[in-house]
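Please look through the model shown here, with attention to how its helices are enclosed and how its chains meet.

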Amino acid sequence: MLYIIEDAINGILMGSIYGLAALGLTLIFGVLKVINFAHGSLLMVSMYVAYWAVTLTGLHPYIALVLVVPVMFIFGYLLQDIVIKPIFKAEKNVREPITVIIVTTGVWYILDNLTLLIFGPQYRNLEANPLRGKMLELGEMLISVPKLWGFGAAVLTTLAIHLFLQRTATGRAIRATSLDREAASLMGINAYKIYNLAFGIGTAIAGVAAVALVPFYNVFPTVGVLFDIKCFIIVVLGGLGSIGGALLGGIIIGLIESVAPQFMAATWTEAIVYGLFLLVLFVKPSGIFGVKHDW
Amino acid sequence: MTRNTLQRLLPLALLATVLCLPLAVRSATYLHIMILVYLYAYLTTSWNLVGGFAGVLPLGHAAFFGIGAYTSTILSLQYGISPWLGMLVGGVIAAAVGVLIGLPTFKMRGAYFALATIAFAEGFRVMVENIDKLGPFALNGPRGLQIPPLNFGLAEMMFSGKEPYYYIILIMLVAVLLLTSFISRSKLGYYLNAGGEEPEAAMALGINVARAKVIAMAMSSFLTALAGTFYAQLNLYIHPKSAFSLDLSFEIAFIALIGGRGSIVGPVLGALLLRPVSDFSRIYFGDTLPGMHLIIFGVILILVMTFQPRGLQEPLTRLYERLLDRLSGERRAA
């Protein structure tokens, strides 16, 4: 029984980091109405930035945050501005921006394989960092310390993004664009600038997730693929576009992944996750927290 | 020569050329690349029935491909049934699965539909990876199925040379191209088009958009499964990661968009461009620059979508018309 509680706690902690990774995806979808298939790759790039920042400077892994977040914000902003915006404009009268979705897949292929070319296929990790393998003893249970910090980062980031969207003028402009692009444009909001901003913020959040992951997770060119599909499932569970839903969806996936192997072969948990995903899609496609509008 | 005769003769000349190609191309490698070009052109044309005409984005066609490959292989390995028959059985099963997937998902908007189809295909892969025996059928889990190269011959769809495969996939491709060009001019084609562009307006006109989409999905998944059988017989080895590969689903969509989604020639042009790029860069850069072909893929995709959002078929069709004008000395009748 104690094992199950221990697994559940670690699952919730890991799941919250999944949720953090998915938060940027849901924000970008909420505003652009595009599933960003390159999101896992952006997380991967962030992990490399964090890894090299720590390796080259010898700083504490969490200090890397001050470097990773602005770098990834600029990366996402420029990616949207230079690569995705022109395609958006070409397809602007189409209701379903299918081309843009596929183009983000192209970005995914390019980023993953460029990383493979530059850094090679080997796994890297921050071996000497003070957090690696650190455990908190809770009675007889062992709780991973870096995951605990990741949980904190996930909750704080979710809260911060929520407040930003609700309380600031920029946040209101983002929400207005998300609800109705044309009406927002008529109010003097530059929709494409908002898109750039949303993409930049979404990518910066992936940067936060990367900093939380790097102390205990391996970094390799295809690490994003592991998170990609997980993130899609999480945002649909929580409701595409819902900020709080991402965290909740992440925790659900983390719980399934950690507790289910106690009862069945570990390879089957993936099937359970897909099954749950399809169930939510059919029964309540707007997700647990999702708002029921256009899509 | 008048423009009309030219217009009729040129495709025939093209057909004669591709029919004679194996006589000129003696290298098995090059022939294999041609076979893959046709296979991907075929797959993308089948995908196009849903992804192009119906205006949605299916990203899980690997599920039907895998169903086709596994069904015919299991039937021939364990029951001695000819792959030709197994091919049809696989097609029917895939069509049924396609309808089951389509019924609930076509109600969803684009993003959800794309994600749901991925989840279905990946769900199939995970299940096949985890199941060793499904009732009387051995799936062999992650190890996959090996077809021993014993009974060569047309009845077993197994040949020692590449040429028979070349002709089989060529016939399949020509057939599916004729079928789609027929459908695009049929009532179903117009229904699909209307439903893809303006679903509300189409429904207001009394068109049963959902029904048209489900029919297209059934045909598309049936045809995709046939290619799965062909692939199994060509490689004589299938496993879940190859037959239910997510990359396959994406590659089909890539080819369709680059060539021109919703057009007849688009998938062929896309496959003709992308497959050789991928195979040759794998041959030349495979050891030194792994993954180079996928970078090239992505760059081509982004460039084409930025400068020719309707795919390569548009400028190339214009070029072809101008060639016809030049050769016949006539202007196209407006």
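The questions and answers that follow go from the overall fold to single helices and then to the contact between chains.

This is a predicted model, in which local features need pLDDT of at least 70 and side-chain atom pairs count only at pLDDT 80 or more, while totals for chains, interfaces and linings use all residues. Residues are numbered from 1 along each chain as its sequence is written, with chains lettered from A and ligands numbered from 1 in the order in which they are written.

Q: What radius of gyration does chain B have, given its 334 residues?
A: The radius is taken over C-alpha atoms, and the globule rule is 2.2 Å times the number of residues to the power 0.38. For 334 residues a compact globule would come near 20 Å, and chain B agrees with this, its own value being 20 Å.

Q: What share of the residues of chain B is buried?
A: A residue is buried if 20 or more other C-beta atoms, placed from the backbone, lie within 10 Å of its own. Of the 334 residues of chain B, the share that meets this is 47%.

Q: How many residues of H11(B) are buried?
A: Helices are DSSP runs of H or I with at least four residues, numbered from the N terminus. The buried residues of H11(B) include Phe250(B), Glu251(B) and Phe254(B). The helix is largely enclosed by the rest of the structure, because the buried count among its 14 residues is 12.

Q: How far apart are the end C-alpha atoms of H13(B)?
A: The expected span of a helix is 1.5 Å times one less than its number of residues. For the 16 residues of H13(B), residues 292-307, this gives 22 Å, which agrees with the end-to-end distance in the model, 23 Å.

Q: Which helices do the buried residues of H13(B) pack against?
A: Met292(B), Phe297(B) and Met305(B) are among the buried residues of this helix. Contact here means that the C-beta atoms of two residues, placed from the backbone, lie within 7 Å. The partners of the buried residues come from both chains, namely H11 and H12 of chain B together with H3 and H4 of chain A.

Q: Which helix gives the most to the side of chain A that touches chain B?
A: The contact takes 34 residues from chain B and 38 residues from chain A. On the side of chain A, H3, H4, H9 and H11 each supply at least two residues. With 14 residues, the helix that gives the most is H4(A).
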